[in-house]
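Ready for some practice in reading a structure? Work through the exercises below, and try each one before you peek at the solution.

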Amino acid sequence: MNDEGFFTLSGVCIYVSYSEQALDLLQWEMGTKLPAHVHVSFGWSLVMACLSYSLELTTSFLLLLAARLAYCQRHHESTVALSMA
C-alpha cells in the first residue's frame, strides 16, 4: 500500500471514529431528549474517501506497471543493440 492510500484510509477511520464520539457525547448530554431529526450519516464524504482510496491504489498499480514496462523495453533494446554490434 502506498503512503497516500494509507493516509486516506487512516483519515476515513479517524473521521468515522470522531463522528461516532460526537454522537455519543450528544446523546450523553441530551439524554433521552435527543431530537428525532438528529441523524448521523457519512454519505457523500465517505463515498468520496473510498473512491479516492481506490483510485490511489489503481494509480499506484499503473505507475508500477509503466515503470516495469519501460525497464523491460530498455533492457530489450540494449540487448538487441549488443547483439547487432
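A residue counts as buried when its relative accessible area is under 20%, as exposed when it is over 50%, and as partly exposed in between. Keep in mind that the model here is predicted.

**Exercise 1.** Work out what the chain is built from and what share of its residues is buried.

*Solution.* Start with the elements: there are 2 helices and 0 strands. Next, look at the cover: of the 85 residues in the chain, 11% are buried. Finally, turn to the surface: the chain exposes about 7,200 Å², and 69% of that comes from carbon and sulfur atoms.

**Exercise 2.** Place L23 and G11, then classify each by its accessibility.

*Solution.* First, find L23: it sits in helix 1, which covers residues 3-30. Its relative accessibility is 23%, so L23 is partly exposed. In sequence, L23 is 16 residues from H39, and their C-alpha atoms are 9.2 Å apart in space. Now take G11, which also belongs to helix 1. With a relative accessible area of 34%, G11 is partly exposed. Between the C-alpha atoms of G11 and A49 there are 8.6 Å, although 38 residues separate the pair along the chain.

**Exercise 3.** Find the residues that make up a nonpolar surface patch of about 570 Å², and check the status of V47.

*Solution.* Begin with the members: W44, V47, M48, L51 and L55 form the patch. Then locate V47, which lies in helix 2, residues 43-84. Patch members need over 30% relative accessible area. V47 has 46%, so it counts as partly exposed.

Technical notes:
Residues numbered from 1 in each chain as written. Predicted model: local features only at pLDDT ≥ 70, side-chain atom pairs only at ≥ 80, totals over all residues. Heavy atoms only, no water. Patch = residues over 30% accessible without salt bridge, like charges linked within 9 Å, V, L, I, M, F, W, Y side chains within 5 Å. Areas by Shrake-Rupley, 256 points an atom, 1.4 Å probe, with all protein chains shown as cover. Salt bridge = Lys/Arg side-chain N within 4 Å of Asp/Glu carboxyl O. Helix = DSSP H or I, 4+ residues; strand = E, 2+ residues; numbered from the N terminus. Buried < 20%, exposed > 50% of the residue type's maximum accessible area, 1.4 Å probe, protein only.
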